[in-house]
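Here is a colleague's note on the structure shown below, set out as numbered points. The points go from the strands and their pairing to the side chains.

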Amino acid sequence: MKKILVIEDNEEVRENLEEILELSGYQVITAEDGKVGVEKALTSPPDLILCDVMMPHLDGFGVLNILSKKSVTSNVPFVFLTAKTEKTDFRRGMNLGADDYVTKPFYKDELLDVIETRLKKSERLKKQFDKTEQGLSAFINEAKGYEELRKLSDERKIKHFKRRDLVFEEGDYPRYLYFVKSGKAKVFKTNEDGKEYIIEICKEGDFFGYLDLLKEEKYTESAAAMEETEISLIPKEDFSKLLNANRDVASQMIKMLANNVTAKEEQLLNLAYNSVRRRVADAILLLHEKQGEGNITILRDDLARIVGTAKESVIRMLTEFKEDGYIEVIDGAIKIVDPEGLRNMHA
């Protein structure tokens, strides 16, 4: 049963929506304002969100802005409910990433058609996040839309990289979109003194190299394998056709770019204002989140390049975290024992 979150401050409208949706076979969660809606969405992510625009405490635009930046809700279809029909409101909502609008008063059939359509499209796009080669093929086959794009999945080239092998180098001209089939890759910049700073770590199931590809400019960063890694190379021309052929794929790419920009902004702020102790803790938590199950295996040099400090400082912080009971170090791998303690510790 699909779960729908209804965020609406008008009690009568909220109860009416709840009744219509429950009679149509949906599980319904309701929230009386934007703040409560955000909390419920993050606590228990729904399959679709219906949200009023004009609300107290936090309006619908604010709700969308917050949820679109959270990994657990960024891909949940978002439909605005509004009595306002000015073009500026529609444009603002779509720019923020809304999937559709339903104007009040609405017809029951109109509402249900919008919900059904958005849920179906969401199911198709979820295949993008199946962290397997088969998942990538399924996503491409489903999303491309046109017969001439079948070669995109049929003729995709897979390249094997050893640890430290370059995938691309700063100054190269982009030719491919990269998909990590197995292993890990890092995206990094190098300064004039040869010091390396890791901007992003890409694990199995991640795309990378798309920003400069979309800009059609030379790479401003380099990428290399962190271990034995298999990467699927999707030609630039086929990637462009995929974007032009399907609006939902283009919308998803915009969300990925927005998340990328937000992550980099946070990373720069952390470098500027946080202590080394806090930055090392945040880096460990980030690696744990990206890796999922198991201990964190990363060279101390690479960890130092993520944090933006000397390897000796990283080793000292790891020793302190171990003594404080936040982590254990087993054969060089980092095991988080107390994630909440690590997250909430004083700098």
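1. Two strands are taken as paired here if DSSP finds at least two bridges between them. With that in mind, strand S8 (residues 176-182) pairs with strand S13 (residues 229-235) in the antiparallel sense, over six bridges. S8 also pairs with S11 in the antiparallel sense, in this case over two bridges.

2. The model is a predicted one, and its chain of 347 residues has 47% of them buried. The secondary structure comes to 14 helices and 15 strands. Among contacts between residues at least 6 apart in sequence, 67% join residues at least 24 apart.

3. How many of the seven residues of S8 are buried? Five of the seven are, so the strand is largely enclosed by the rest of the structure. Phe179, which lies in S8, is one residue to look at here: Phe179 is buried, with a relative accessible area of 1%, and stands opposite Ser232 in S13 as well as opposite Phe207 in S11.

4. The structure holds 10 aromatic pairs. In one of them, the rings of Phe179 and Phe207 have their centres 5.1 Å apart and their planes at 55 degrees, so this pair is described as tilted. Because Phe179 belongs to S8 and Phe207 to strand S11 (residues 207-208), the pair ties together parts that are 28 residues apart in sequence. Phe207 counts as buried because its relative accessibility is 10%, where the cut-off for a buried residue is under 20%.

5. Ring pairs also link a cluster, made up of Phe168, Tyr176, Tyr178, Phe208 and Tyr219. Of the strands already named, S8 covers the positions of Tyr176 and Tyr178 with its residues 176-182, and S11, with residues 207-208, covers that of Phe208. Phe168 falls within the edge strand S7 (166-168), which belongs to the sheet taken up in the next point.

6. An open sheet is formed by four strands in the order S7-S12-S9-S10, with antiparallel pairing. Its edge strands, each pairing on one side only, are S7 (166-168) and S10 (196-202), and the twist from one strand to the next averages 35 degrees. Which helix packs on this sheet? Helix H12 (residues 300-307) does, touching S9 and S10, and the direction of the helix makes about 100 degrees with that of S10.

7. Within this sheet, strand S9 (residues 185-190) and strand S12 (residues 222-225) run antiparallel and are joined by four bridges. Ala185 stands opposite Ala225 in S12. The side chains of S9 deserve a look as well, for the charged end of Lys186 sits over the ring of Phe188, at 5.5 Å from the centre of that ring.

8. A further point concerns Arg277, which is found in helix H11 (residues 276-291). Is Arg277 buried or exposed? At 15% relative accessibility Arg277 counts as buried, because the cut-off lies at 20% relative accessible area. The side chain of Arg277 is joined to that of Glu320 by a polar contact of 2.9 Å.

Terms used. Residues are numbered from 1 along each chain as its sequence is written. This is a predicted model: local features need pLDDT of at least 70, side-chain atom pairs count only at pLDDT 80 or more; totals for chains, interfaces and linings use all residues. Side-chain values use heavy atoms; hydrogens and water are left out. Axes are lines fitted to C-alpha atoms, for helices over the stretch in contact, and angles run from 0 to 180 degrees between N-to-C directions. Contact means heavy atoms within 4.5 Å. Buried means under 20% relative accessible area, exposed over 50%, partly exposed in between (1.4 Å probe, protein chains only). A polar contact is a pair of N or O atoms within 3.5 Å; within protein, one must be able to donate a hydrogen and the other to accept it, and residues adjacent in sequence count only if both atoms are side-chain atoms. Rings of Phe, Tyr and Trp (its six-membered ring) pair if their centres lie within 6.5 Å; planes under 30 degrees apart count as stacked, over 60 as edge-to-face and the rest as tilted. A charge sits over a ring if NZ of Lys or CZ of Arg is within 6 Å of the ring centre and within 35 degrees of the ring normal.
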